[in-house]
Structure formats: C-alpha cells, structure tokens
Amino acid sequence: MELFARQRIIPAAHNQKDIEKIAELKNSGHYMVMLETHVAQLKSLVTFASSTGKKVLLHADLINGLKNDDYAIDFLCQEIRPAGIISTRGNVILKAKQHKVLAIQRLFMIDSSANTKGKALIQKVQPDAIELLPGILPEQIENMIREMKIPVIAGGLIEREEQVQQALLAGATAITTSDKKLWLG
C-alpha cells in the first residue's frame, strides 16, 4: 500500500476552525495534520476529524499540556488513537513505531550540522517517513530520498502551487501545508 494513498497535499490544522474546514473538504484526501492543540481538547478533536473520514497525523511536540515522553506517546496511541505521530524527537518516533502508528520524523534543515545530525537520527530510528522543513528546498528533498531511502514529506514555507510542484518533482511523497488555498491542490 502506498503511503498516504497517493494523497499529495496534506492539510495542516492550527485550530478547531481549521479542523472543521478540512472536514468539509470533499476532495482533499483522507489524511490531515493536527498542529498546536491543547491536551484537554485533543480527544474530541481527533474523534470529530475521524468521524468525517480523516486520518489524523498528530504533531506530538505541539500538544500544549502534555510532556513529550514515552508515557505521553503511550497515552496518545492508546487513548487518542491517531493514524500517525509526527515529532522532532527520536524517542517519540521509536515509541510510535512500537504502537504501530505511522511514525514521521520531522527535520529542520537549517544548516549542514542539522543535516548531518538529522540523517544520523533517521538511521537510528528508521521512521516510516521524514517531514523535511522547509519544504522549498527541492535539492535537499532529492538528497534525503537518495541517501535515506525513506519517503519524504515537504513542509514549511510552501505558499504557492509551483512550490508544491517543485517539491513533488524532487520526489516528495506529499507536502504538508496550513495554507488553505493549497488544500485542494
């Protein structure tokens, strides 16, 4: 089965209104990213999104009120039940893999040191996918795919359709964006 069922644009929600807007989209695909949430609202938001047919990729690092440790990931996977977990932290990715949810390693490509450390982390944790930020670096997308042989999702600073196409042409499996005008791709 192909990762994300050929969905090329994965909408990212910053708040409840974004989640409701994504739920209304009929041709946007099944996956969505849930960013910046509060632990008290998490269950109801994921339940709502799931009831509309959306598979939630939950950004564990951005949940307010939840410490990002092994117990938190146990809680998220057992109680909240997202389709996947996104994190910058290797221990979170390893724990998500134990729970058999999609484990997506988020990497910020800010300089060569971050690049080197990110690749070492990927080799150690073997995520299901890599979310590479910023997503407007087609050459880095190509390099990461070639070197790591793991699907890459491009995210961050993608604001125009041509940037979406450049990322996809560079080999990205999909792009994540909170830019509403790109959600229908």
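Select helix α1 and color its outward side: Lys17 and Glu24 are the exposed residues on the face of α1 turned away from its buried side. This is a predicted model, and the tour moves from α1 to its neighbours and then toward the later helices.

**Stop 1: the inner side of α1**

Keep α1 selected and switch to Asp18, Ile19, Ile22 and Ala23, which are buried. Their directions span an arc of only 140° around the axis, so they sit on the same side of α1. To see what lies over them, display β1 (9-13), β2 and α2, which are included in the cover of the buried residues of α1.

**Stop 2: helix α2**

Select residues 39-51, which make up helix α2. From first C-alpha to last, this 13-residue helix reaches 19 Å, close to the 18 Å expected at 1.5 Å a residue.

Which residues of α2 are buried? Show Leu42, Leu45, Val46 and Ala49: these are the ones. The arc they cover around the axis is only 100°, and they are therefore on the same side of α2. On the face turned away from that buried side, pick Ala40 and Ser51, both exposed.

Now add the surroundings. The elements covering the buried residues of α2 include the following:

- helices α1 (16-24) and α3 (70-80);
- strands β2 (31-34), β3 (37-38), β4 (55-59) and β5 (63-64).

Before leaving, select glycine 53, which follows α2 and has a positive phi, near 90°.

**Stop 3: isoleucine 63 in β5**

From the cover of α2, go to strand β5 and select isoleucine 63. Is this residue buried or exposed? With a relative accessibility of 4%, isoleucine 63 counts as buried. Expand the selection to its contacts, leaving out neighbours within four places in sequence: Thr37, His38, Val39, Leu42, Leu58 and Leu76. Leu42 was already met among the buried residues of α2.

For a distance check, draw a line from isoleucine 63 to phenylalanine 48. The two are 15 residues apart in sequence, and their C-alpha atoms are 17 Å apart in space.

**Stop 4: glutamate 79 in α3**

Move to helix α3 and select glutamate 79. Its relative accessible area is 42%, which makes glutamate 79 partly exposed. Not counting residues up to four places away in sequence, glutamate 79 touches Lys43 and Asp74. Lysine 43 is 36 residues away along the chain, yet the C-alpha atoms of glutamate 79 and lysine 43 are separated by 7.8 Å.

**Stop 5: the α5 and α6 pair**

Hide the earlier selections and show residues 112-125 as α5 and residues 138-148 as α6. How do these two helices pack? The angle is about 35°, and the axes are 11 Å apart. The crossing of α5 past α6 is right-handed. For the side chains involved, select these two groups:

- from α5, Asn115, Lys119, Ile122 and Gln123;
- from α6, Gln140, Met144, Glu147 and Met148.

Colored by class, the contact shows three nonpolar, three polar and two charged residues.

**Stop 6: backbone details around that pair**

Three loop positions deserve a look at their torsions.

Select glutamine 126, in the loop between α5 and β8. Glutamine 126 is not a glycine, but its phi is positive, about 50°. Its relative accessible area of 41% puts glutamine 126 in the partly exposed class.

Next, select proline 134, in the loop between β8 (129-133) and α6. Where the chain passes from leucine 133 to proline 134, the peptide bond is cis, with omega near -10°.

Past α6, select lysine 149, in the loop between α6 and β9 (152-155). Lysine 149 also has a positive phi, near 55°, in a residue other than glycine. At 69% relative accessibility, lysine 149 counts as exposed.

**Stop 7: glutamate 161 in α7**

The last selection is helix α7, residues 161-169, where glutamate 161 is placed. With a relative accessible area of 34%, glutamate 161 is partly exposed. Finish with a line to lysine 67: the C-alpha atoms of glutamate 161 and lysine 67 are separated by 36 Å, and the two residues are 94 apart along the chain.

Methods
Residues numbered from 1 in each chain as written. Predicted model: local features only at pLDDT ≥ 70, side-chain atom pairs only at ≥ 80, totals over all residues. Heavy atoms only, no water. Axes fitted to C-alpha atoms, helices over the stretch in contact; angles between N-to-C directions. Helix = DSSP H or I, 4+ residues; strand = E, 2+ residues; numbered from the N terminus. Left-handed = near helix turned anticlockwise from the far one by under 90°. Contact = heavy atoms within 4.5 Å. Nonpolar A, V, L, I, M, F, W, Y, C, P; charged D, E, K, R; others polar. Expected span 1.5 Å × (residues − 1). Buried < 20%, exposed > 50% of the residue type's maximum accessible area, 1.4 Å probe, protein only. Arc of directions from axis to C-beta.
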